[in-house]
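Colleague: Hey, could you walk me through this one? I'm new to reading structures, so plain words please.

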There are 2 protein chains.
Amino acid sequence: MAANTGNSTSERLWDAAIRLFDRKGFAATGIRELASEADVSISALYHHMDTKNSLLRDLMLEGMNTLLTPARALLESPGSPVVDLLGLIRIHVAFHCERSALAKVTDVELRSLSAEDRQSIIKLRDEYQKLWFDTIVRGCTEGVFAIKEPRLATFALLEMCTGTYHWYSPEGHYSVEQIARYYGALALNMLGHGAAGSDVGGASV
Amino acid sequence: MAANTGNSTSERLWDAAIRLFDRKGFAATGIRELASEADVSISALYHHMDTKNSLLRDLMLEGMNTLLTPARALLESPGSPVVDLLGLIRIHVAFHCERSALAKVTDVELRSLSAEDRQSIIKLRDEYQKLWFDTIVRGCTEGVFAIKEPRLATFALLEMCTGTYHWYSPEGHYSVEQIARYYGALALNMLGHGAAGSDVGGASV
């Protein structure tokens, strides 16, 4: 598949696919409709993709890698767990606000992939979640976070940041930068940063 | 439409619709398929629903009211903001874990409703979110929460609890009760409960 760069046919096709899959769902989107939305002929469309399913998989892979690449780079040489976590939050919030349609399609249409493709995406997602989990565990080990269940805290933080795609609007009251910054502060609070003997540290699950 | 109670045709139809809309999406689910999944004839199906769209709307209304009814009851005579917030979290987490398919369908398929039906659901959702927002603001006013942006904190908390539908499993490590309890503790941390001069209280957005 051609790379999704430049204002090319490929790019128009990708953008059209994301719009339609988000608006109607993958299964309900027809090939003719996709060609029409991308403003290309059916034959040109098949020049740029193999099947609708492979297009969906490629979109999702691109989405997951847009998250994973900067997250891996950030943690290649880990720094303070606090700073690293704030960096992860910034990456996650920016992606889910700025590319909300692709992010929603990735979450919703995992159901539509073949078992093999689904496994590829889940493998990347697991690697990504582990970067968060390891950062939180590291913070607990170093004593800068004070919680007992890092796995649940990881889910809570990821989902809180993912959920921005439900309500963020470029015309809204808060910029992506403001949301990332404020969510970072909420996250540090949540993890009991700087709060010795916090409620969560003492909670039994 | 007949009420969705008892092991009746209506109930089978509702369950089948939720399963299919969650698995394939609303637009891709055909009437014949719905009848087959519910194990009823097409004519019996039309005895129990008007259109596929009205069925979707009714399912969503039921979902929203399953959240709203206990939340309204809880806050009819507000108590401590801490106790009230923990109650809201319990209601929200239980619904999103135990009725995850309906909750996901409600989030994803808002796009498939008519403008009028969408407005009815959004009105209920706004009322529901306001119950959370007002509780958090009350906690700030009473000095038991220490945050500056109650609107963003409301989104963060709601989405963190909503996200349980992505990962909770009845066969998993944590019970719904454990998740609700632990998320409650994380939420109080997040809101700076008991942490004078918390990071968030001092953050500028």
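**Chatting through the model**

Modeller: Sure, and keep in mind that this is a predicted model. Let's start with B:Tyr183: setting aside residues up to four places away in sequence, B:Tyr183 touches A:Leu152, A:Phe155 and A:Ala156 on chain A, plus B:Ile89, B:Val93, B:Met160, B:Cys161, B:Thr164 and B:Trp167 on chain B.

Colleague: And which residues touch the most other members of the largest nonpolar core?

Modeller: Those are A:Leu85, A:Tyr183, B:Leu85 and B:Tyr183, in a core of 136 residues. As a general point, nonpolar side chains in soluble globular proteins tend to be buried together.

Colleague: OK, on to the contact between the chains. How many residues does each chain put in?

Modeller: Chain A gives 44 residues and chain B gives 44 residues. The area buried between chain A and chain B is about 3,700 Å², and carbon and sulfur atoms give 64% of that.

Colleague: Which three residues of chain A supply more of its buried area than any other three?

Modeller: A:Arg111, A:Tyr182 and A:Asn189, which supply 19% of the area that chain A buries against chain B.

Colleague: How many salt bridges are there between chain A and chain B?

Modeller: The count there is 0. For polar contacts, there are 15 residue pairs across the interface of chain A and chain B, with both residues at pLDDT 80 or more.

Colleague: Which elements give two or more residues to the side of chain A that touches chain B?

Modeller: On chain A they are helix 1 (9–24), helix 6 (100–108), helix 8 (150–162), helix 9 (164–167), helix 10 (176–190) and helix 11 (199–202). Helix 10 of chain A makes the largest share, with 10 residues. By residue type, the side of chain A that touches chain B splits into 24 nonpolar, 9 polar and 11 charged.

Colleague: Switching topic: is B:Thr162 buried or exposed?

Modeller: B:Thr162 counts as buried because its relative accessibility is 8%, and the cut-off for buried is under 20%. B:Thr162 is found in helix 8 (residues 150–162) of chain B. Apart from neighbours within four places in sequence, B:Thr162 is in contact with B:His92, B:His96 and B:Asp107.

Colleague: What's odd about the phi of A:Asp39?

Modeller: A:Asp39 has a positive phi of about 60°, though it isn't a glycine. In general, most residues other than glycine have a negative phi. B:Asp39 also has a positive phi of about 60° and is not a glycine.

Colleague: Where are those two, then?

Modeller: A:Asp39 lies in the loop between helix 2 (31–38) and helix 3 (42–48) of chain A. B:Asp39 is in the loop between helix 2 (31–38) and helix 3 (42–48) of chain B. A:Asp39 is exposed, with a relative accessible area of 63%, and B:Asp39 counts as exposed at 62%.

Colleague: Back to salt bridges. How many does the structure hold over all chains?

Modeller: It holds 24 over all chains. One of them pairs A:Arg23 with A:Glu37, where the closest N and O atoms are 3.4 Å apart. A:Arg23 is in helix 1 of chain A and A:Glu37 is in helix 2 of chain A, so the pair ties together parts that are 14 residues apart in sequence.

Colleague: How exposed are A:Arg23 and A:Glu37?

Modeller: A:Arg23 is partly exposed, at 45% relative accessible area. A:Glu37 is partly exposed too, at 27%.

Colleague: Got another salt bridge for me?

Modeller: Yep, A:Arg99 and A:Glu62 meet in one, at 3.3 Å from N to O. A:Arg99 sits in the loop between helix 5 (81–98) and helix 6 of chain A, while A:Glu62 is in helix 4 (residues 52–76) of chain A, so this pair links distant parts of the chain, 37 residues apart.

Colleague: And what does A:Glu177 pair with?

Modeller: A:Glu177 forms a salt bridge with A:Arg90, at 2.6 Å from N to O. A:Glu177 lies in helix 10 of chain A and A:Arg90 in helix 5 of chain A, so that pair ties together parts 87 residues apart in sequence. A:Glu177 is partly exposed at 39% relative accessible area, and A:Arg90 counts as partly exposed at 36%.

Colleague: Last one: which residues are joined into one network by salt bridges that share partners?

Modeller: A:Arg19, A:Arg23 and A:Glu37 are joined that way.

How values were computed
Residues are numbered from 1 along each chain as its sequence is written. Chains are lettered from A and ligands numbered from 1 in the order in which they are written. This is a predicted model: local features need pLDDT of at least 70, side-chain atom pairs count only at pLDDT 80 or more; totals for chains, interfaces and linings use all residues. Side-chain values use heavy atoms; hydrogens and water are left out. Contact means heavy atoms within 4.5 Å. Buried area is the accessible area (1.4 Å probe) that two parts lose on being put together, summed over both. A salt bridge is a side-chain nitrogen of Lys or Arg within 4 Å of a carboxyl oxygen of Asp or Glu. A polar contact is a pair of N or O atoms within 3.5 Å; within protein, one must be able to donate a hydrogen and the other to accept it, and residues adjacent in sequence count only if both atoms are side-chain atoms. Helices (H or I, at least four residues) and strands (E, at least two) are DSSP runs, numbered from the N terminus. Ala, Val, Leu, Ile, Met, Phe, Trp, Tyr, Cys and Pro count as nonpolar, Asp, Glu, Lys and Arg as charged, and the others, Gly among them, as polar. A nonpolar core is a set of buried Ala, Val, Leu, Ile, Met, Phe, Trp, Tyr and Cys residues joined through side-chain atoms within 4.5 Å. Buried means under 20% relative accessible area, exposed over 50%, partly exposed in between (1.4 Å probe, protein chains only).
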